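The following exercises introduce a protein structure to a reader who has not met it before. Each task is followed by a solution that proceeds step by step.

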Amino acid sequence: MVNRPSVPEIITVNSEDLQATIRDLLPSQNGFGSELQATNVITPIIDLTATAEGSRLPFEIQTAASFGSATTVAIGAGTQVMTSTPGWYRFIGTATVGAAGVNAEFSMTDGFSAKTIWSLNTAAAGQITADVDLIFAVANGITLSAIAGTTCNIVGSFRQIANGQGELVNPVGLPL
């Protein structure tokens with residue numbers, strides 16, 4: 001048997017999809033100019049994806065409610081405009097419906113028509129409560145509202161988790 005040492009090979013990868021993904025994930029490398037290459041050598045990898053994307057926090061931590069960033073929501077039989085500023089928002093709380101035929105809901109409007117995004121109702125007499133953890137995408141010209149019917153309550157906290165350009169908004173008051 002002849003022992004032949006392995007010879008490392010490096011090949012050019014011609015994939016516009018892969019190059020586009022690199023540009024999206026690593027904006028600092030946009031227009032880097034070098035071609036993507038692959039090798040048959042096993043190389044240890046350090047995952048810097050979160051840092052390269054601009055978020056060093058895991059999703060669950062980055063979207064957490066915090067004292068400095070949360071807006072308290074407490075609606076009983078009424079409507080509260082949550083926001084009309086473009087971006088992504090998270091609501092964490094509960095919704096309670098106290099009678100048949102009424103709704104607790106979140107809706108969006110463009111000024112001409114409204115769409116119910118989430119709703120809680122009951123067909124039977126009696127009270128029903130649901131935990132709510134929703135993420136909303138609010139586009140330019142759209143208003144997000146929480147609406148509680150006559151025997152309903154919506155209680156929780158609401159905060160922006162990304163701006164209209166998709167840049168993450170970290171919780172206020174923490175060194176990140």
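**Exercise 1. Describe the chain as a whole: its surface, its burial and its confidence.**

Step 1. The protein chain exposes about 11,700 Å², of which carbon and sulfur atoms supply 56%; accessible areas come from the Shrake-Rupley method with a 1.4 Å probe, and for residues only the protein chains shown count as cover.

Step 2. The chain has 176 residues, and 26% of them count as buried. Buried means under 20% relative accessible area, exposed means over 50%, and partly exposed lies in between (1.4 Å probe, protein chains only).

Step 3. The model is predicted: local features need pLDDT of at least 70, side-chain atom pairs count only at pLDDT 80 or more, and totals for chains, interfaces and linings use all residues. Residues are numbered from 1 along each chain as its sequence is written, and side-chain values use heavy atoms, with hydrogens and water left out.

Step 4. The average pLDDT (the predictor's confidence in each residue, from 0 to 100) is 84 for the protein chain, and 86% of the residues score at least 70.

**Exercise 2. Set out the secondary structure and state which elements have the lowest and the highest mean pLDDT.**

Step 1. The protein chain has three helices and eight strands. Helices (H or I, at least four residues) and strands (E, at least two) are DSSP runs, numbered from the N terminus.

Step 2. Read from the N terminus, the order is β-α-β-α-α-β-β-β-β-β-β.

Step 3. Helix α2 (residues 49–53) has the lowest mean pLDDT, 63, while strand β5 (residues 103–109) has the highest, 96.

**Exercise 3. Identify the largest nonpolar core and the elements that build it.**

Step 1. A nonpolar core is a set of buried Ala, Val, Leu, Ile, Met, Phe, Trp, Tyr and Cys residues joined through side-chain atoms within 4.5 Å. The largest one has 24 residues, and those with the most contacts inside it include Met-82, Phe-91, Phe-106 and Leu-144.

Step 2. Two or more residues each come from β3 (71–83), β4, β5, β7 and β8 (143–163). Strand β8 gives the largest share, six residues.

Step 3. Phe-91 touches, among others, Val-73, Met-82, Phe-106, Val-132, Phe-136 and Phe-158, not counting residues up to four places away in sequence. Contact means heavy atoms within 4.5 Å.

**Exercise 4. Which aromatic pair is stacked, and which residues form an aromatic cluster?**

Step 1. Rings of Phe, Tyr and Trp (its six-membered ring) pair if their centres lie within 6.5 Å; planes under 30 degrees apart count as stacked, over 60 as edge-to-face and the rest as tilted. The whole structure holds four aromatic pairs.

Step 2. Tyr-89 and Phe-158 form a stacked pair, 5.2 Å centre to centre with 5° between the planes. The pair links strand β4, which holds Tyr-89, to strand β8, which holds Phe-158, 69 residues apart.

Step 3. Tyr-89 is buried at 5% relative accessibility, and Phe-158 is buried with a relative accessible area of 5%.

Step 4. The aromatic cluster consists of Phe-91, Phe-106, Trp-118 and Phe-136.

**Exercise 5. Find the salt bridge and describe the setting of its partners.**

Step 1. A salt bridge is a side-chain nitrogen of Lys or Arg within 4 Å of a carboxyl oxygen of Asp or Glu. The count comes to one.

Step 2. Asp-133 pairs with Arg-90, with the closest N and O atoms 2.6 Å apart. Asp-133 lies in strand β7 (residues 128–138) and Arg-90 in strand β4 (residues 87–97), 43 residues apart.

Step 3. Asp-133 is partly exposed at 46%, whereas Arg-90 is buried at 15%.
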